[in-house]
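Good morning, and thank you for joining. I have been asked to walk the group through some side-chain contacts in one structure, which I shall now put on the screen.

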2 protein chains.
Amino acid sequence: MPSASASRKSQEKPREIMDAAEDYAKERYGVSSMIQSQDKPDRVLVRVSDLTVHKADEVVWVRARVHTSRAKGKQCFLVLRQQQFNVQALVAVGDHASKQMVKFAANINKESIVDVEGVVRKVNQKIGSCTQQDVELHVQKIYVISLAEPRLPLQLDDAVRPEVEGEETSTSQAVFRLQSGICHLFRETLINKGFVEIQTPKIISAASEGGANVFTVSYFKNNAYLAQSPQLYKQMCICADFEKVFCIGPVFRAEDSNTHRHLTEFVGLDIEMAFNYHYHEVVEEIADTLVQIFKGLQKRFQTEIQTVNKQFPCEPFKFLEPTLRLEYCEALAMLREAGIEMGDEEDLSTPNEKLLGRLVKEKYDTDFYILDKYPLAVRPFYTMPDPRNPKQSNSYDMFMRGEEILSGAQRIHDPQLLTERALHHGIDLEKIKAYIDSFRFGAPPHAGGGIGLERVTMLFLGLHNVRQTSMFPRDPKRLTP
Amino acid sequence: MPSASASRKSQEKPREIMDAAEDYAKERYGVSSMIQSQDKPDRVLVRVSDLTVHKADEVVWVRARVHTSRAKGKQCFLVLRQQQFNVQALVAVGDHASKQMVKFAANINKESIVDVEGVVRKVNQKIGSCTQQDVELHVQKIYVISLAEPRLPLQLDDAVRPEVEGEETSTSQAVFRLQSGICHLFRETLINKGFVEIQTPKIISAASEGGANVFTVSYFKNNAYLAQSPQLYKQMCICADFEKVFCIGPVFRAEDSNTHRHLTEFVGLDIEMAFNYHYHEVVEEIADTLVQIFKGLQKRFQTEIQTVNKQFPCEPFKFLEPTLRLEYCEALAMLREAGIEMGDEEDLSTPNEKLLGRLVKEKYDTDFYILDKYPLAVRPFYTMPDPRNPKQSNSYDMFMRGEEILSGAQRIHDPQLLTERALHHGIDLEKIKAYIDSFRFGAPPHAGGGIGLERVTMLFLGLHNVRQTSMFPRDPKRLTP
């Protein structure tokens, strides 16, 4: 096999690597010169996924990676991979291929990218190991377009995070295609509902919620911080009469948490909305948005879901319409009935959240529900108290498979009450002056919430670690690649 | 006028503020109690934009801000504003309103949010000062929902950046609605073209392009940096066979540039794409994406464009299909003909870019064009050299109204050539080892580019400062709100 630094010739005149005088196929294989946009050939490249019996007996060009190769006497079987699809290709000594060409093909490093010309042939017996089971490609020409070095480096390995040899690439492709779909469905749904997308700054002059868990940035001669949430900015847009806004962007948390569901940088899908009379108007919009995402994924991403399920089997995600809404006190009653001792104003621990998820699934047959009316004591100062019960608040979390994916609330839009609640929480008013002042010039009642993209992806697919649903995860110990 | 801290009663029993015994309308006005989601009334609120002659003589409820108020004897004219729409409302002493009620209405602070019940009445003479010119609202009830303090603070003023009294709110709404549209059209177009949206990390362990102009972050016990570009991550996704990717997210530049077009944090619309044989395949996709954005804006956002034009008049944005592509040497010839002296390998200065934009507009009647084949000497080390001319490169910028909005190139996908080019640029190989290693395992030829969202918004609308198209601009001197 020639090395990557070997000299190259033009694509149509591949380099000879064997005893040329003997080789009647010498023009039919080799390492192409680097593609530097020398030419604009009118050659059409066919997608591997399009190689079916409909193309039987056609001569096609395909660009794909060498997934595996296996030489056997006068022939060599390659599996050619393109994204999540692959096809078997056969190079056999005969009219088109010489024994040197078969040897060349057999020696191409795995993962190299090749251009192959071949005839699509129907096979008698299905090829179980390939996605294209009914055909194989009889190779007439093969040129290496980009040569892979002999092994994958740790770093790239890391990025695709394999768990089962051979399946990792397809799984990874499927996970992130589905994640792209979540973002698309989120925005599509909200834009149809009349929301406006906003862009909020990530470098801020003061820590959003009092200063804990915030990353510091050197900003010219001063310090600045990385935003822990776009909440203040979403609320300012509501005060500026945008009425319904959303944003998608990075959220930063300097928490030294090393769990399956915490990242120091994650993607927040954030919503904020003015309502007329009751924050349930907002809760219903958010829940419906999630339902539209679930339905869209199940409709448009079945292939991806099945690909992931092959490596990580899991029950299909279940949800109700309309979404189940439980009040916190009802959840407490269910937990107590199951033997858990908890105070009325105590927050849910992670194990109790999971247990509650199981109890809800048993009773209501849903993996998605809203938990409403959290105790005021366990929520941030800006949460609107429940006017009917001073120990409750107009706040809610949403859960998927027993794990929290969204936290939200009606926000206090009255500067006087906001001041009172901040004092009650022992917050230094000077530090949140700008926040409180935002509401002094007429603020509509509003509510909102923030969704963690990696968690939604993980829980929808029944995976067990957000690092599987973040391409380049960031945690206290991990900052590369 | 009651102060914000005045006691409140329930919405249906507004507080009396005058001599109650005399006031037959006392139940028909007042300051509502804070909306804490006490009730879910079935009252329907009508949009101001829906107040037309079709609703003549109907009784409607409207929630809006008091934009202006003017008392005149026994009546008070209010202009009620909802987003970019407004309507005249009349409170007149009569069956429904007492003189106390008229006085109450006249004294409501501007920008307060009110719920108004009124009859829609056709007017004989168009009301030129309102968007709803054919009707006015004869008020029967008026309750303050959220009271504004007497004046706008500097801070909020700042956020909406007024330039002409009264029009600023509508202009601001329109600018950012159109900006939301740019993001939507960008993604819609790319998803239809088969692109996958990716999320790239913003906290990185090493400076992307050698270390200059990068913000430093304290990351637990170490230092990290804010990403100046998602380019490395986009390219890694191409190496992982995603083929066509895009991302939208913040980009950070620690440049002490105080110009009309530089921000330290801006929103990047980034594209990267594997191609078959020629980087023009990618250039055409990017240019077509921008054309689809321009067409979509002109089709779906005429109202917003006209609203902005009212305050900031400008020529409609012109573009050709297919997009004009000029080579750098052609541009040089045009500039030299116009009297500019420039070397063949010299970069364009900002004034020369603008002049070129004018020359191109005169000659080709387009505000949008591609400048292709930049001198290799003025582009970053990872730019693919032109195989036919060693002084040129496979790189391009795109321009709107004579200002650069996108910079892109075919990237070198061969580790050996990449190493050579880095050494030629005097770059420490150790610092870019991870980058070079990304290409050792079979990389398809690829190209891409990054678009600045704020610049596209500014130049499409013919505005003159990116601070007008960033809700919360960040520059070396500005970090709030």
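B:Arg63 lies over the face of A:Tyr277, 5.1 Å from the ring centre. The charged end of A:Arg63, in turn, sits over the ring of B:Tyr277, at 5.0 Å from its centre. Please bear in mind throughout that this is a predicted model.

Let me turn to the aromatic rings. How many aromatic pairs does a search of the whole structure find? Over all chains, the search gives 40 aromatic pairs. I shall take one of them, A:Tyr29 with A:Phe104, whose centres are 5.1 Å apart and whose planes stand at 45 degrees, so that the pair is classed as tilted. Where do these two residues lie? A:Tyr29 belongs to strand S1 of chain A, residues 29-31, and A:Phe104 to helix H1 of chain A, residues 99-106. The pair therefore ties together parts that are 75 residues apart in sequence. As for their surroundings, A:Tyr29 has a relative accessibility of 0% and counts as buried. A:Phe104 counts as buried as well, at 1%.

A further pair consists of A:Phe215 and B:Tyr219, which are stacked, with 5.1 Å from centre to centre and 10 degrees between the planes. A:Phe215 is found in the loop between strand S8 (203-204) and strand S9 (216-219) of chain A, while B:Tyr219 is in strand S9 of chain B, residues 216-219, so this pair joins two chains. Are these two residues buried or exposed? Both A:Phe215 and B:Tyr219 are buried.

Aromatic residues also come together in a cluster. One such cluster is formed by A:Phe294, A:Phe317, A:Phe319, A:Phe368 and A:Phe460.

I close with the cysteines. How many disulfides are there over all chains? The count is zero. A:Cys76, for example, is in no disulfide, and the nearest cysteine sulfur, that of A:Cys130, is 13 Å away. The residue A:Cys76 counts as buried, because its relative accessibility is 0%. Why does B:Cys130 have no bond to the closest cysteine sulfur? That sulfur, in B:Cys76, is 13 Å from the sulfur of B:Cys130, which is too far for a bond, because a disulfide requires the two sulfur atoms to be within 2.5 Å. B:Cys130 is also buried, with a relative accessible area of 3%.

Thank you for your attention.

Key. Residues are numbered from 1 along each chain as its sequence is written. Chains are lettered from A and ligands numbered from 1 in the order in which they are written. This is a predicted model: local features need pLDDT of at least 70, side-chain atom pairs count only at pLDDT 80 or more; totals for chains, interfaces and linings use all residues. Side-chain values use heavy atoms; hydrogens and water are left out. Buried means under 20% relative accessible area, exposed over 50%, partly exposed in between (1.4 Å probe, protein chains only). Rings of Phe, Tyr and Trp (its six-membered ring) pair if their centres lie within 6.5 Å; planes under 30 degrees apart count as stacked, over 60 as edge-to-face and the rest as tilted. Helices (H or I, at least four residues) and strands (E, at least two) are DSSP runs, numbered from the N terminus. A charge sits over a ring if NZ of Lys or CZ of Arg is within 6 Å of the ring centre and within 35 degrees of the ring normal.
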